[in-house]
Amino acid sequence: MAIKNLLNLESVSKAFDIRPLLAGVSLGINESQRIGIVGRNGGGKSTLLNVMAGLEPADSGRVSVAGGVTIGILNQVDSATAGASVRDVVLGDLHSHQWASDANVREVLTGLFGGFDDHLLDRQFSTLSGGERRRVNLAKLLVGGFDLLLLDEPTNHLDVEGVAWLARYITSQTKLSVVVITHDRWFLDEVSEETWEVVDGKVLTYDGGYSAYVLSKAERARQISVEDQKRNMLIRKELAWLRRGAPARTAKPKFRIEAANTLIANEPPPRNESELLNFAANRLGNTVYELHQASIEIGGKKLLEGAYWNIGPGARIGIVGVNGSGKTSLIRTLLGQIKPSAGKVVTGVTVKPAFLSQHLEELNPAWRVLEAVEKVANHVQLGNGREMSASQLCEKLGFNTDSQWTPVGDLSGGERRRLQLTRLLMDSPNVLLLDEPTNDFDVETLTALEDLLDSFGGTLLVISHDRYFLERVCDTFVGLLGDGELRDLPGGIDQYLQLRATGVKAPVATKQTGTKASILEIKALKKEVARLERAMQKADEKILQLENAQASAAFDHSKLAEVMKELSEVNVEKVELEEAWLHASHQLEENGN
């Protein structure tokens, strides 16, 4: 059966002022195609979406839509007619019996709002928060029966659970075509079968999601000379992260597993954890924060009750939880901004915290970007004698030489957030607390931030709905499930989502990085390390056998294909064993063995 073509761009160009955002772009979208778009902020991603939707005319070229094809777009402007309710925006003129009997409508309303009662549906759209408006407009598109959805940052204002639901929903719609702009790289990996990179007016195409895109870019960089060495280094750091994650990341996207393993195998870990832990211990001592039977109550609502939590030097902790469960309040309690209603908070005497909140700091609008940063310090110490100037740190976080002279008053919301983070880092904190740090950051800036945090020799606590970022920069996770308890999540975000889905309880958090394991735990770790070493040795022997068999079967194509397939599987298994061995060995080192 022929694949139906929905939309085509033929030699499309679009410029604002004298800056070309699209230059002779030709591409097409077919039925059931799911495409992710990446690129720097201001590089033309949203313009491409608006041109495809017909909201902006092309300066030249042609945009053609197949007959009968319906297109829905979610852009950065959330609007509705005056006096409209949520019901009016999402369901239009549908009667209750019509939409209530529609399984798709019920699923969307439940997935995005947790239900579909009259209290929700009768709320005035104009009274909603920005995040609530975003969900309402997204729901309108998902129930609208469109053939093609163009989504600009659909995961903004969604929590981890909401992002996971949206990914499942989109992938379950077998005939729906989706083009999505997002900085959420986990979402890109889950949803996208193809990635478009908008750069210098061109649209470069890659098979697979974000992981495959990173691998493909690294492969291209290996094959040809790349002038931009800084960008190439960041790609290498991404490879190091992919090596640390499950190798299945490289098998799921459309990328040759053999090439992926070759690229990843030679990359060192993204950060030297032993070095950072030693450095953090020297800066912080043994105590960072401790909660002793602490309870947190806000406005009569008990968010946390009787919690004991020990946060050690060098801990890198991700905090996840349902909206309103108290994630930000927990951080503010650690900082002393909120007093616990019971119990106490112990803070180490050498702790020097920096807190990136969701609220932007008010700065003098006449200051230049570089001036605002140098008001804090001229240089920041990175540890081991390394330092970075204010200008270098600005450039690292996306402010090039020219934009460093931009007045603060002319910055966008995302740029102001980057500036706020830059100022915090310039103050050389040894504890960094980040509340939704990835809002309004493009993928390249996120990668640069992760690279910077790789060298942060202190304790890091992060609240974020960006799953990729959380898993990239954090080593351990705790969860707030709205029941007043703080829980360890040794299984990470997957465990959190499973707990939310099943209601099964996890152990209450009692210790974190910096606490000692018991004698029995250490004995079990030693046993596990020995087992993994034996398994790695067997894998090496098997690989050697298969490589010899590969040479012998050079002229038997059928046999050669079988050998290569088995060799690929054993290589993946070996990488998994190495990762498990590194993790177990690190735990032993951490506990002085």
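In what sense, and over how many bridges, do S14 and S17 pair? They pair in the parallel sense, over 4 bridges. Two strands count as paired if DSSP finds at least two bridges between them. Strands (E, at least two residues) and helices (H or I, at least four) are DSSP runs, numbered from the N terminus.

Before going on, a word on the model. This is a predicted model, in which local features need pLDDT of at least 70 and side-chain atom pairs count only at pLDDT 80 or more, while totals for chains, interfaces and linings use all residues. Residues are numbered from 1 along each chain as its sequence is written, and side-chain values use heavy atoms, with hydrogens and water left out.

Back to the sheet. S14 and S17 belong to an open sheet of 6 strands with mixed pairing, in the order S14-S17-S18-S12-S19-S20. At its edges are strand S14 (353-356) and strand S20 (486-488), each of which pairs on one side only. From one strand to the next the twist averages 20°. Angles of this kind run from 0 to 180 degrees between N-to-C directions, and the axes are lines fitted to C-alpha atoms, for helices over the stretch in contact. As an example of a bridge, Phe355 has Leu433 in S17 as its partner.

Next to Leu433 in the numbering is Leu432, which also lies in strand S17 (residues 431-435). Is Leu432 buried or exposed? Leu432 is buried, at a relative accessible area of 0%. Buried means under 20% relative accessible area, exposed means over 50%, and partly exposed is in between, with a 1.4 Å probe and protein chains only. If neighbours within four places in sequence are left aside, Leu432 is in contact with Ala354, Leu425, Leu453, Phe456, Thr459, Leu460 and Leu461. Contact here means heavy atoms within 4.5 Å. Leu460 is 28 residues from Leu432 along the chain, yet their C-alpha atoms are separated by 4.9 Å.

One of those contacts, Leu453, brings us to helix H18. Why is helix H18 (residues 443-453) described as largely enclosed by the rest of the structure? Because 10 of its 11 residues are buried. Among them are Val443, Thr445, Glu450, Asp451 and Leu453.

Val443 also appears in the lining of a cavity. Over the whole structure, a search finds 4 cavities of 30 Å³ or more. A cavity is a set of points, on a 1 Å grid over the protein atoms alone, where a 1.4 Å probe fits but cannot get out, and lining residues have an atom within 4 Å of a point. Grid points are joined across faces, edges and corners, and a volume is the space filled by probe spheres set on the points. The second largest cavity holds about 40 Å³. Its lining includes Ile37, Val38, Lys45, Glu153, His183, Phe441 and Val443. By type, the lining has 5 nonpolar, 4 polar and 3 charged residues. Ala, Val, Leu, Ile, Met, Phe, Trp, Tyr, Cys and Pro count as nonpolar, Asp, Glu, Lys and Arg as charged, and the others, Gly among them, as polar.

Now a second sheet. Three strands form an open sheet in the order S2-S1-S4, with antiparallel pairing. Strand S2 (19-30) and strand S4 (60-65) each have a single partner strand, so one side of each is left without a neighbour in the sheet. The twist averages 15° from one strand to the next. Strand S1 (residues 5-16) pairs with S4 over 5 bridges, and Glu10 stands opposite Arg62 in S4. S1 and S2 pair over 8 bridges, with Asn8 opposite Gly28 in S2.

That leads to backbone angles. Most residues other than glycine have a negative phi. In the hairpin of S1 and S2, which has 2 residues between the strands, Asp17 takes a positive phi near 55°. Ser32, in the loop between S2 and strand S3 (34-38), has a positive phi of about 70° although it is not a glycine. Ser32 is partly exposed, at 25% relative accessibility. Asp200, in the loop between strand S8 (194-199) and strand S9 (202-207), has a positive phi of about 55°. Asp200 is exposed, at 73%.

Last, Val191, in helix H8 (residues 185-191). Val191 is buried, at 2% relative accessibility. Beyond its neighbours within four places in sequence, Val191 is in contact with Arg34, Ala167, Ile170 and Thr171.

How values were computed. On a 1 Å grid over the protein atoms alone, a cavity is a set of points where a 1.4 Å probe fits but cannot get out, and a pocket is an open set with protein on both sides within 12 Å along at least five of seven lines; lining residues have an atom within 4 Å of a point.
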